Amino acid sequence: MKKLSILFSLLLSFTIVLSACGSKSDNESNDSADKNDNKTDLLAQIKENGKLVVGTEGTYPPFTFHDDSGKLTGFDIEIAQEVAKHLGVEAEFMETQWDAMFAGLDAKRFDMVANQVGIRADRQEKYSFSDPYISSAAVLITREDSDVKSFEDIKGLKSAQSLTSNYAEIAKDNGAEIVGVDGFNQAIELLNAKRVDITINDKLSFLDFKKQKPDAKAVIADTAEDVSQSGLMFRQGNDTLVEAVNKALQEMIDDGTYKSISEKWFGEDVLK
């Protein structure tokens, strides 16, 4: 009887050990699952790293450019910084040319693009966008001595454009010959040098340019009827990040931060 008692005690102890091992294994499995979820959830990674990596041009005033001291600044820069603050992290900017920006996002060089990217159906097939955070119209820019008066006049003319921009599409649709440039500043340089006839670009960008250089000989010949909307751009599959950014944008609108940034750069609310 005593032997049976000892045997029973040993079996009971062995069962308890196995149960404990099972619990430990289950806990480790759950911990591993949590870690894997964090690895696949971009928002969780951003919060863990403490930074939101943002792709931007840095050559497109007043949205993203370098001031006289060399500091990266502009409307999009301040919007992205404020969004990052609402997420509880810092914004870290990576500058790249417009035409390389989409490839950089695809390659996961950055988490988000802030560069007045127009929300278009073809882009939405591949990328996710935040709610619109700016509205603006495209304008036809030419020299003061030009005979160009409307978009109907640009067929066959040379137009300086970033190759993948909305404005390049407008130029093509109206029959212009596209001359590729890195950004707005280079387009204006080619226009002034008479190497191109026109450029189509953002109205707010041009008004800021004229404010900085009132003697420039470039003028607006025509304004497109359609108002385009821009959003912050992301890789698809990062819904939690997009939702968090949309929440941050709405909070900025509600507390007046957005309006303050907008009026600083444009003198008006450019969301409307």
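This passage walks through the overall make-up of the chain, two helix pairs and one buried threonine.

The model is a predicted one. In the protein chain there are 10 helices and 11 strands. Of its 272 residues, 44% are buried. As for how the chain folds back on itself, take the contacts between residues at least 6 apart in sequence: 69% of these join residues at least 24 apart.

Two helix pairs are worth a look. Two packed helices are described by the angle between their axes and the distance between the axes. In the pair formed by α2 (residues 42-49) and α9 (residues 239-254), the axes sit 6 Å apart and the packing angle is about 65°. Angles of 65 to 115 degrees count as roughly perpendicular, and α2 and α9 are therefore roughly perpendicular to each other. On the α2 side, the contact is made by Leu42, Leu43 and Ile46, while α9 brings in Thr240, Leu241 and Ala244. Sorted by class, that gives 5 nonpolar residues and 1 polar residue, with no charged residues in the contact of α2 with α9.

The other pair is α3 (residues 75-87) with α10 (residues 257-266). Here the axes come within 10 Å and cross at roughly 165°. Anything over 145 degrees counts as roughly antiparallel, so α3 and α10 run roughly antiparallel to each other. Their crossing is right-handed. From α3, the residues involved are Phe75, Glu78, Ile79 and Glu82; they meet Thr257, Tyr258, Ile261, Ser262, Lys264, Trp265 and Phe266 of α10. By class, this contact of α3 with α10 has 6 nonpolar and 2 polar residues, plus 3 charged ones.

Now for a single residue in a loop. Thr64 lies in the stretch between strands β1 (51-56) and β2 (65-66). Is this loop residue, Thr64, buried or exposed? Its relative accessible area is 0%, and buried means under 20%, so Thr64 is buried. The side chain of Thr64 also has a partner: a polar contact of 2.9 Å joins it to the side chain of Thr56. What else does Thr64 touch, leaving aside its neighbours within four places in sequence? Besides Thr56, the contacts of Thr64 take in Glu57, Gly58 and Thr59, then Leu72, Thr73, Gly74 and Ile77, and also Asn115. Thr56, then, turns up both as a contact of Thr64 and as its side-chain polar partner.

Notes: Residues numbered from 1 in each chain as written. Predicted model: local features only at pLDDT ≥ 70, side-chain atom pairs only at ≥ 80, totals over all residues. Heavy atoms only, no water. Axes fitted to C-alpha atoms, helices over the stretch in contact; angles between N-to-C directions. Helix = DSSP H or I, 4+ residues; strand = E, 2+ residues; numbered from the N terminus. Parallel < 35°, antiparallel > 145°, perpendicular 65-115°, else oblique. Left-handed = near helix turned anticlockwise from the far one by under 90°. Contact = heavy atoms within 4.5 Å. Nonpolar A, V, L, I, M, F, W, Y, C, P; charged D, E, K, R; others polar. Buried < 20%, exposed > 50% of the residue type's maximum accessible area, 1.4 Å probe, protein only. Polar contact = N/O pair within 3.5 Å; in protein donor to acceptor, adjacent residues only side chain to side chain.
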